[in-house]
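Visitor: I'm new to reading protein structures, and I'd like some help. Could you walk me through this one, feature by feature?

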Amino acid sequence: MQSYRVAVLGAGSWGSALAMVLNDNQHQVRLWTVDADQAEEIRQTRINAAYLPDLHLAEDILVTTDLSEALKQADMVCFVVPTKAIRSVSQQVKEVLASDQASGADKPPLILHASKGLEQGSHLRISQIIEEVLEDCDYRGIVALSGPSHAEEVAVRHITTITAASRDLEAAKEVQAVFLNRYFRVYTNTDCIGVELGGALKNIIAVAAGGVDGLNYGDNTKAALITRGLAEITRLGLAMGADPLTFSGLSGVGDLIVTCNSVHSRNWRAGNQIAQGASPEEVEAKMGMVVEGIPTTKAAYELAADLGVDMPITNALYAILYEGMPVEEALTQLMMREGKEEAQLRSALIDYLAKRT
């Protein structure tokens, strides 16, 4: 296919890994960061030491702190910044795009994001934030890239499969074609709600998974947590209009499994340390990176309350993170709830499928 000009916004571990994938596919990559010291380090050494020390970034990947330079004549703009920065970066992108389009630039870009979370306060998904901010700009669609994908493994070109989701199937197919190669396989999906929710909410369960591992519980506990975690993710997804079948795919159970079981997962590591006595603030300060599962727990807790959705694991984790409840006490309360019938979710799925036919 033709070579694309791609602006990757965010030079963390995932942004750097995606820049490498795009470069491997012969695209022209501009990697943008707000950190001038980080940009200079990468330009001089081609190593992003703070985030991916094992990845050597190719010489022809342009690293810049100038957003206008990154976006100049871009065919695709890829947001890979923390959820809390999506709105402000989108506003900056809007200003540059508006200026470029006023001067008669080439065709409008395709917008892509590879971040996972929900905005605090508004509870918006990331594509909704971008769409809201870029309302007056000309672009060719918004695509979410999500799935089981540790940057550390992509950086060494381990086989990885993820999903490109958009209401516009052609936009998703375009992203698929740009990224797909021998080690990075991309599937398409039109259920953007489900894909984004799966990517965001699995971080909650991953923090909890780190917690049970930190308390030295075994495989039974982990299996229960993942299974019941998937059930409450699906319940909230149904309430928000997602296709429940999406949660059985890469951006649902696939992402949930990898994030709940790997030391690469910041969310798992955070839960592990909190269970051993560290505070959430201490964990994030020590890690030096955003742990998306912590703010997402608050957003999902509030959202579930608004929608009347039962999310007991999320509620328990909220009590630990935001109300100071000891982990063991939260687990006891979780286990001693009134008995439930496992078929409840099955009935909801049957009702959903009946409405589709």
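Guide: Happy to! Keep in mind that this is a predicted model. Let's begin with overall size. For 357 residues, a compact globule would have a radius of gyration near 21 Å, and the protein chain has 20 Å, so the two agree. Along the principal axes, the C-alpha atoms fill a box of roughly 65 × 50 × 35 Å.

Visitor: How many helices and strands does the protein chain have?

Guide: There are 16 helices and 10 strands.

Visitor: And what percentage of the residues is buried?

Guide: Buried means under 20% relative accessible area. In the protein chain, 53% of the 357 residues are buried. You can also ask which parts of the sequence meet. Take the contacts with a separation of 6 or more: residues 24 or more positions apart account for 71% of them.

Visitor: Let's try two helices. At what angle do the axes of α8 and α14 cross?

Guide: Helix α8 covers residues 192-214 and helix α14 covers residues 312-323; their axes come within 10 Å and cross at roughly 60°. The crossing is left-handed. On the α8 side, the contact is made by Ile204, Ile205, Val207 and Ala208, while α14 brings Ile313, Thr314 and Leu317. Sorted by type, the residues of this contact are 6 nonpolar, 1 polar and no charged.

Visitor: How many disulfides turn up in the whole structure?

Guide: A disulfide needs two cysteine sulfur atoms within 2.5 Å. A search of the whole structure finds 0. Cys78 shows you why: the closest cysteine sulfur, in Cys192, is 14 Å from its own, which is too far for a bond.

Visitor: Is Cys78 buried or exposed?

Guide: Cys78 is buried, because its relative accessible area is 0%. Cys260 counts as buried too, with 0% relative accessibility.

Visitor: Now a loop, please. Where does Pro148 lie?

Guide: Look between β8 (142-146) and α6 (151-154): Pro148 is in that loop. A loop residue can still be checked for burial, and Pro148 is buried, since its relative accessible area is 18%. Leaving out residues up to four places away in sequence, Pro148 touches several others, including Thr160, Ile162, Leu250 and Val258. Thr259 is 111 residues away from Pro148 in sequence, yet their C-alpha atoms are 7.4 Å apart in space.

Visitor: What about Gly121, is it buried or exposed?

Guide: Gly121 is exposed, because its relative accessible area is 59%. You'll find Gly121 in the loop between β7 (110-113) and α5 (126-133). Leu303 sits 182 residues from Gly121 along the chain, and their C-alpha atoms are separated by 9.5 Å.

Visitor: One last thing: the backbone angle phi. What sign does phi have in most residues other than glycine?

Guide: Most residues other than glycine have a negative phi. Gln26 goes the other way, with a positive phi of about 70° although it is not a glycine. Gln26 is in the loop between α1 (13-24) and β2 (28-32), and its relative accessible area of 60% makes it exposed.

Visitor: What is phi near in Arg157?

Guide: Near 60°, a positive value, and Arg157 isn't a glycine either. Arg157 lies in the loop between α6 and β9 (160-165). With a relative accessible area of 32%, Arg157 is partly exposed.

How values were computed. Residues are numbered from 1 along each chain as its sequence is written. This is a predicted model: local features need pLDDT of at least 70, side-chain atom pairs count only at pLDDT 80 or more; totals for chains, interfaces and linings use all residues. Side-chain values use heavy atoms; hydrogens and water are left out. Axes are lines fitted to C-alpha atoms, for helices over the stretch in contact, and angles run from 0 to 180 degrees between N-to-C directions. Helices (H or I, at least four residues) and strands (E, at least two) are DSSP runs, numbered from the N terminus. A crossing is left-handed if the near helix is turned anticlockwise from the far one by less than a right angle, and right-handed if clockwise. Contact means heavy atoms within 4.5 Å. Ala, Val, Leu, Ile, Met, Phe, Trp, Tyr, Cys and Pro count as nonpolar, Asp, Glu, Lys and Arg as charged, and the others, Gly among them, as polar. Buried means under 20% relative accessible area, exposed over 50%, partly exposed in between (1.4 Å probe, protein chains only). The radius of gyration is taken over C-alpha atoms; the globule rule is 2.2 Å times the number of residues to the power 0.38.
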